[in-house]
Amino acid sequence: MEKYLYLGVNIFAISFPLVRSFEPKIKFATKWRALFPAIFITGAFFLIWDHWFTVMGIWEFNSRYILGVYLFELPLEEWLFFFTVPFACIFIYEVLIYFFPGDPLKDFGKPFVYVMVPLLIGFGLMHLDKWYTSVNFFIGAIALMVHFLVFNDKYLGKFLFAYLVHLIPFILCNGVLTGGLTDEPVVIYNNSENLGIRIWTVPVEDTIYSMTLLLMNVSFFEKFRSHQTIQSVES
């Protein structure tokens, strides 16, 4: 049964958000028209990046814990990851907007960008010899800058709130994938390409990777949602 572990993590991530998509308060299913294009575009970017790093040997996948179905050197479960995790994360984003409509972290949005962008660029430049660290931090900085240039701080507080809350299930799921509960990790990192700093068993770089994944999905999701709202008003 251990070969179903990564698949099980995907199912765990999406199960509750999928079941609750049709409840009458959040009405998450009504937002899928904006969500699915956002997931597709962001997923395409991350899968290209993922494939590149897999081929380079930055990380690899343990055949012991996957089904063994591959597409472009990536296991099926890895493809599913870029659907199930963003689906769950945007569900968290929408739930928090519903229960905290006042955007309690709005005032922290701009400072977050002002601090994180130079910090990420600085750390990236300091560790050019480590591919995962440098590329990850540079892409994170670019994602924050682009989002800020396009939206200013309109969604930053909401994003930051969702990001902080999502860290709990993120550490749990990634902890399982990085060997927190098993003899061997599902995803095996080449530690010469990262800082070697772990939160439980999760490389610290993964927190920035996940930040970028969530931010890109939020950006496209809100862009498509606003476009659909304008179309509805005009019609």
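Helix H3 gives the largest share of the lining of the largest pocket, nine residues. That is a good place to enter this structure, which is a predicted model.

Stay with the pocket for a moment. Its space comes to about 510 Å³. In total, 31 residues line the largest pocket. Look for Phe81, Val85, Phe170, Cys173 and Asn174, the lining residues closest to its centre. Several elements share the work of lining the largest pocket. Those that give two or more residues are helix H1 (5-19), E1, H3, H6, E4 and helix H7 (205-234). What classes of residue make up this lining? It divides into 24 nonpolar, four polar and three charged residues.

Now turn to the way the helices pack, starting with H1 and H6. Their axes come within 10 Å and cross at roughly 170 degrees. Angles over 145 degrees count as roughly antiparallel. That makes H1 roughly antiparallel to H6. Which residues make the contact? From H1 come Leu5, Tyr6, Val9 and Phe12. From H6 come Leu172, Cys173, Val176 and Leu177. The residues of this contact are eight nonpolar, no polar and no charged. Cys173 appears here in the contact with H1, and Cys173 is also one of the residues closest to the centre of the largest pocket.

H6 has another partner, helix H4 (residues 109-126). The axes of H4 and H6 come within 8 Å and cross at roughly 75 degrees. Angles from 65 to 115 degrees count as roughly perpendicular. H4 and H6 are therefore roughly perpendicular to each other. On the H4 side, the contact is made by Gly109, Lys110, Phe112 and Val113. On the H6 side, Leu156, Gly157, Phe159 and Leu160 take part. By class, this contact has five nonpolar, two polar and one charged residues.

Next, look for enclosed space. The count is one cavity of 30 Å³ or more. The largest cavity has a volume of about 70 Å³. Its lining is made by Tyr93, Leu96, Ile97, Phe100, Pro101, Asp103, Pro104, Gly157, Lys158 and Phe161. Which elements give two or more residues to this lining? They are helix H3 (76-99) and helix H6 (156-177). Both helices also give two or more residues to the lining of the largest pocket. By class, the cavity lining has seven nonpolar, one polar and two charged residues. Gly157 lines the cavity, and Gly157 also belongs to the contact between H4 and H6.

Finish with the charged pairs. The model has seven salt bridges. One of them joins Arg64 and Asp183, with the closest N and O atoms 3.5 Å apart. This pair links distant parts of the chain, 119 residues apart. Where do the two residues sit? Arg64 is in the loop between strand E1 (59-61) and strand E2 (70-71). Asp183 is in the loop between H6 and strand E4 (187-189).

Definitions and conventions:
Residues are numbered from 1 along each chain as its sequence is written. This is a predicted model: local features need pLDDT of at least 70, side-chain atom pairs count only at pLDDT 80 or more; totals for chains, interfaces and linings use all residues. Side-chain values use heavy atoms; hydrogens and water are left out. On a 1 Å grid over the protein atoms alone, a cavity is a set of points where a 1.4 Å probe fits but cannot get out, and a pocket is an open set with protein on both sides within 12 Å along at least five of seven lines; lining residues have an atom within 4 Å of a point. Grid points are joined across faces, edges and corners, and a volume is the space filled by probe spheres set on the points. Helices (H or I, at least four residues) and strands (E, at least two) are DSSP runs, numbered from the N terminus. Ala, Val, Leu, Ile, Met, Phe, Trp, Tyr, Cys and Pro count as nonpolar, Asp, Glu, Lys and Arg as charged, and the others, Gly among them, as polar. Axes are lines fitted to C-alpha atoms, for helices over the stretch in contact, and angles run from 0 to 180 degrees between N-to-C directions. Angles under 35 degrees count as roughly parallel, over 145 as roughly antiparallel, 65 to 115 as roughly perpendicular and the rest as oblique. Contact means heavy atoms within 4.5 Å. A salt bridge is a side-chain nitrogen of Lys or Arg within 4 Å of a carboxyl oxygen of Asp or Glu.
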